[in-house]
Protein chains: 2
Amino acid sequence: MTTHSPQKPGAAGRVQEIVGRLRERGHRLTPQRYAVLRALVEGGEHPSAEQLFQRVSEDYPMMSPATVYKTLDTLKAAGEVLELEFRDGPNRYDANMPHAHPHVVCTRCGRIDDVMDERLDPSVVEVSAQTGYQVRGYRLDFYGLCPSCAG
Amino acid sequence: MTTHSPQKPGAAGRVQEIVGRLRERGHRLTPQRYAVLRALVEGGEHPSAEQLFQRVSEDYPMMSPATVYKTLDTLKAAGEVLELEFRDGPNRYDANMPHAHPHVVCTRCGRIDDVMDERLDPSVVEVSAQTGYQVRGYRLDFYGLCPSCAG
DNA sequence: GTCATTGCAAAGCATTTGCAAGTCG
DNA sequence: CGACTTGCAAATGCTTTGCAATGAC
């Protein structure tokens, strides 16, 4: 058993929650998949597929990037991870708050933080009415410099 | 001279405005660049680089995709076009409202519409205060089905 | 005449896919 | 055991880059 440095409060619980949901959906729990899951939930904030691959590779040197991507696909389909897509640079993932919510993105170092302010949550209903679209979700990113990069 | 079908109100003015700004910045006005500019402003809503390339190719068969991308780079640097990046599918461009504003994106056909509602414009100042980031801009996309695709 | 711009082709990058071998339940 | 997973390598898709030739000013 491998215990990694800074554990997150409630991380174990969230991992088990996801494991349960995957089982319900008839998915198998392979060591690789479990490792990706843990890296995703316990690891730093909003990791990329590459970062997950690096972390898991430490324990499973045979791991391939494709497996990370396939695991992420499975989790996306189960609604257990939020995928933040970027054209410039790798996508970033959040398995701790898998529902849409606003983020701040540092345009210099790539750091991403959640913005916790319900007032910012856009009204999907209003937009539906105004545009005639059947709005299902949204994405709200703020761009700027994080405290470290702003100096 | 080539006159294309559905002209946009004020399109000519916007084209001239951009031409002027480019000149101020010391840029040359080549036929290719001018054609991309017109396609961008007069054409359908939120075209992709590929679509711009197609349109301009009708009049300039020697046109290369690289030139479209380079023109878009120039316009981005001048702040005269808003680039909407997508990982799945090509980026989309808006030269009519080059400042950040909310969009609705059809997840089926790719149609994109502007959302005109100032109440939705997120408060960059508030987010800066809350996160410690120096927030410079934002992106707000709503995802769903457009009226046609919703049936 | 100069130097920005063009156009071609090759490279880049993250991600996806095909498929044979492996393994979870 | 059988169907789901893995891992490798090749393919994908959009965009960027290098560089010689071209042409706007």
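## Around DNA strand D

In this predicted model, DNA strand D is surrounded by 22 residues, and the closest are Arg28(A), Thr30(A), Lys70(A), Arg28(B) and Tyr69(B). Of the atoms of DNA strand D that come within 4 Å of the protein, 63% belong to sugar and phosphate. By residue class, the surface near this strand holds 9 nonpolar, 7 polar and 6 charged residues. Helix H2 (31-42) and helix H4 (65-77) of chain A each supply at least two of these residues, as does helix H4 (65-77) of chain B.

Now for the polar contacts. The side chain of Lys70(A) places an N or O atom 2.5 Å from a base oxygen of DNA strand D. Arg87(A) has a side-chain N or O atom 3.4 Å from a sugar or linking oxygen, while Met62(A) uses a backbone N or O atom, 3.4 Å from a phosphate oxygen.

## Around DNA strand C

DNA strand C has 20 residues around it, with Tyr69(A), Asn91(A), Thr30(B), Arg33(B) and Lys70(B) the closest. Here sugar and phosphate make up 69% of the strand's atoms that come within 4 Å of the protein. The nearby surface divides into 8 nonpolar, 6 polar and 6 charged residues. At least two residues each come from H4 of chain A, helix H2 (31-42) of chain B and H4 of chain B.

Base oxygens of DNA strand C meet side chains from both chains: an N or O atom of Lys70(A) lies 3.3 Å from one, and an N or O atom of Arg28(B) lies 3.0 Å from a base oxygen. On the backbone side, a polar backbone atom of Leu29(A) sits 3.1 Å from a phosphate oxygen.

Notes: Residues are numbered from 1 along each chain as its sequence is written. Chains are lettered from A and ligands numbered from 1 in the order in which they are written. This is a predicted model: local features need pLDDT of at least 70, side-chain atom pairs count only at pLDDT 80 or more; totals for chains, interfaces and linings use all residues. Side-chain values use heavy atoms; hydrogens and water are left out. A residue is near a molecule or strand if one of its heavy atoms lies within 4 Å of it. A polar contact is a pair of N or O atoms within 3.5 Å; within protein, one must be able to donate a hydrogen and the other to accept it, and residues adjacent in sequence count only if both atoms are side-chain atoms. Helices (H or I, at least four residues) and strands (E, at least two) are DSSP runs, numbered from the N terminus. Ala, Val, Leu, Ile, Met, Phe, Trp, Tyr, Cys and Pro count as nonpolar, Asp, Glu, Lys and Arg as charged, and the others, Gly among them, as polar.
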